[in-house]
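Work through the three exercises below with the model open. Each solution goes step by step.

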Amino acid sequence: MRRSRRHLLGVGELPPRDIFRILLLRPNHRLGNTLLLTPLLTELERRYPGAEIDLVTGCEAADEVFAGFRQVRHIHQLTRRPGHHPVHLLRTLLRLRRNRYDLAIDSTRGSRSGRLLLFLSGARHLLGLPSSKRELRDGGSAWQAALTHAPSHFSLDGVYALRCAMGLPFMDQEHTWPPMRIHLRADEQACGRRLLSDLLGHEPEGDRQIVALFPNATGNKRLCSEWWLALVDALQAAHPQLSFIEMLPAHGQSQLQLRFPAFYSSNVRRMAALLAQCNGYISADCGVMHLACAAGVPTLGLFTRDNLTRYRPRGPHDEALCVAERTPTEVAAAAAPFLQALPCRS
């Protein structure tokens with residue numbers, strides 16, 4: 001029976017060869033959601049090293065996020081509300097269809113715009129984790145069985161979909177999942193070291209540990225300045241070896257009364273270069289938290305919602321705490337194992 005052009009790939013249906021033009025779809029403007037694509041890019045570069053990858057995104061910082069991925073060819077930039085700019089959207093769709101992609105991937109479950117772009121892309125193979133009742137029914141028992149083993153973290157949706165479509169055996173060891181990464185060049189790392197020294201006014205001292213704080217987030221993920229100041233007081237009392245720097249949000253205003261050296265930049269890679277030189281990082285759930293994780297600094301995420309498992313930082317030295325029912329003093333006590341395990345930097 002001939003399958004519909006709207007048919008998603010089934011388990012084991014994606015060929016390991018003859019895939020050279022890949023389209024990755026994540027039409028979202030948030031920095032964090034964009035960084036959560038980096039494990040899938042790493043996986044694609046491993047599975048299809050001879051391919052080129054294009055992306056559709058709404059994130060203005062996408063060029064900076066994906067600059068270090070060798071197979072990324074072109075980034076199709078959507079406006080924040082693409083439905084309000086139909087001419088631009090139509091032109092983008094026409095460009096996508098002219099490229100005649102071998103594989104298009106809707107990178108996450110639950111994105112209606114991503115799924116619509118997937119079906120309109122004109123790609124030869126369409127990939128995404130089944131999410132609707134119809135897709136689950138069309139996918140058959142193989143997909144239904146595979147979904148019972150799907151990893152919970154948002155950044156692994158696309159990776160798992162790809163592995164299942166290639167018919168790879170399920171692997172539940174954490175070390176087999178690609179990490180989040182923003183690939184910093186050697187000169188950017190050196191710039192980050194100079195930035196940190198300039199910010200502190202001296203070279204980092206061997207007996208001090210530098211922890212970056214970003215006391216900001218959106219909506220009800222945000223914790224107030226008074227809460228953060230109380231947390232910092234408790235952390236300093238319990239861990240006198242810590243020194244703090246504050247990463248400023250887009251509005252450029254300190255949330256900690258300028259008690260610590262403060263850093264502002266609208267350049268994502270410059271922020272990542274500085275964060276990579278710190279011993280640790282603490283913030284609420286936000287895009288800068290994912291940037292710190294991708295830069296490789298041990299990251300502690302403070303969550304006010306019950307979505308910790310889905311969005312927590314997932315580096316080898318990262319941790320996450322639910323703080324909704326905790327005082328700053330209680331959070332400081334709960335953070336002690338994370339702080340005590342921070343590596344020293346030479």
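**Exercise 1.** Find which residue of strand 9 stands opposite A212, then place the two strands in their sheet.

Solution. A212 faces Y281 in strand 9. This is a predicted model: local features need pLDDT of at least 70, side-chain atom pairs count only at pLDDT 80 or more, and totals for chains, interfaces and linings use all residues. Residues are numbered from 1 along each chain as its sequence is written, and side-chain values use heavy atoms, with hydrogens and water left out. Next, the pairing: strand 6 (residues 209-214) and strand 9 (residues 280-284) run parallel over four bridges. Strands are DSSP E runs of at least two residues, helices H or I runs of at least four, numbered from the N terminus. Pairing takes at least two DSSP bridges. Now the sheet: six strands, open, parallel, in the order 8-7-6-9-10-11. Strand 8 (262-263) and strand 11 (319-322) each have a single partner strand, so one side of each lacks a neighbour in the sheet.

**Exercise 2.** Determine which residues touch the most other members of the largest nonpolar core.

Solution. A nonpolar core joins buried Ala, Val, Leu, Ile, Met, Phe, Trp, Tyr and Cys residues through side-chain atoms within 4.5 Å. In the largest, of 76 residues, the answer is F66, I245 and Y281. Helix 11 gives the most to this core, with seven residues. A second, separate core of 25 residues includes L213 and I282.

**Exercise 3.** Decide whether H290 is buried or exposed.

Solution. Locate H290 in helix 11 (residues 287-295). Buried means under 20% relative accessible area, exposed over 50%, partly exposed in between (1.4 Å probe, protein chains only). H290 is buried because its relative accessibility is 3%. Beyond four places in sequence, H290 touches G32, L35, L36, M180, D285 and Y311, with contact meaning heavy atoms within 4.5 Å.
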